[in-house]
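User: I would like to learn how to read pockets, cores and cysteines in a model such as this one. Could you take me through them in turn?

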Amino acid sequence: MTEVTFAGAPLHLEGDLPVKGSKAPEFTLTDKGLAPRTLADYAGKVLVLVSVPSLDTPVCDMEVRRFNKEAAALSDKVAIVCVSCDLPFAQARWCGAAGVEAVETLSDYRNGNFGKAYGVYIQELDLLGRAIFIVKDGTVAYTQLVSEVTNQPDFDDVLAAIRALV
């Protein structure tokens, strides 16, 4: 079982992180219109899955705003999707208030199947850990688990990995 910390306190992640080169785990998430979205919906794209605990926290807010800004400089062959357990209505409200249009938000609120399949479901909080997964042609091409939930990911490393795949 993988551990991360929140302000230094240990938390336990359920599931196993997919490894680079493995088949990307399937998922069903909910979009802002309550429609299901699956891995197959992003076929032909370099899919960047940004897992965050909640958009209504300062660290997640800054992270997703940064990815929204960076998306403008990336190819249209790249889809950046932020996944959290926030309700779709809260995600829609947050995106509207933050002006986030280049990053799609999807919710894992129904059953946590994404979090468990990707090894980022935090048991103690019923939230997702902070991680980045890049999927190309159905294969995991990159993973980054942020070990301290209150920290930002290594943006430079993520962006270099995206550019190398496009």
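User: Which residues line the largest pocket?

Analyst: In this predicted model, the lining of the largest pocket is made up of Phe-6, Pro-53, Ser-54, Thr-57, Val-59, Ile-122, Leu-125, Leu-127, Arg-130, Val-149 and Thr-150. Sorted by class, that lining has seven nonpolar, three polar and one charged residues, and the space within the pocket comes to about 150 Å³.

User: Which residues have the most contacts inside the largest nonpolar core?

Analyst: A nonpolar core is a set of buried residues joined through side-chain atoms. Here the largest one has 26 residues, and Val-48, Val-64, Phe-67, Ile-80, Ile-132, Ile-134 and Ile-162 are those with the most contacts inside it. Two or more residues each come from strands S5, S6 and S10 and from helices H1, H2 and H4, with H4 giving the largest share, five residues. Apart from this core lies another, of 20 residues, including Ala-24, Leu-49, Val-83 and Val-135.

User: What does Val-64 touch, leaving aside residues up to four places away in sequence?

Analyst: Val-64 touches Val-52, Leu-55, Cys-82, Trp-94, Val-100 and Val-103.

User: How many disulfides are there, and why is Cys-85 not bonded to Cys-82?

Analyst: A disulfide needs two cysteine sulfur atoms within 2.5 Å, and by this rule the count is zero. For Cys-60, the nearest cysteine sulfur is that of Cys-82, 7.3 Å away. The sulfur of Cys-85 also has its closest cysteine sulfur in Cys-82, but the two are 11 Å apart, which is too far for a bond.

User: Is Cys-60 buried or exposed?

Analyst: Cys-60 counts as buried because its relative accessibility is 0%, and Cys-85, with a relative accessible area of 16%, is buried as well.

Technical notes: Residues numbered from 1 in each chain as written. Predicted model: local features only at pLDDT ≥ 70, side-chain atom pairs only at ≥ 80, totals over all residues. Heavy atoms only, no water. Core = buried A, V, L, I, M, F, W, Y, C linked by side-chain atoms within 4.5 Å. Buried < 20%, exposed > 50% of the residue type's maximum accessible area, 1.4 Å probe, protein only. Helix = DSSP H or I, 4+ residues; strand = E, 2+ residues; numbered from the N terminus. Contact = heavy atoms within 4.5 Å. 1 Å grid on protein atoms, 1.4 Å probe; cavity = no way out; pocket = protein on both sides within 12 Å on 5 of 7 lines; lining within 4 Å. Points joined across faces, edges and corners; volume = space filled by probe spheres on them. Nonpolar A, V, L, I, M, F, W, Y, C, P; charged D, E, K, R; others polar.
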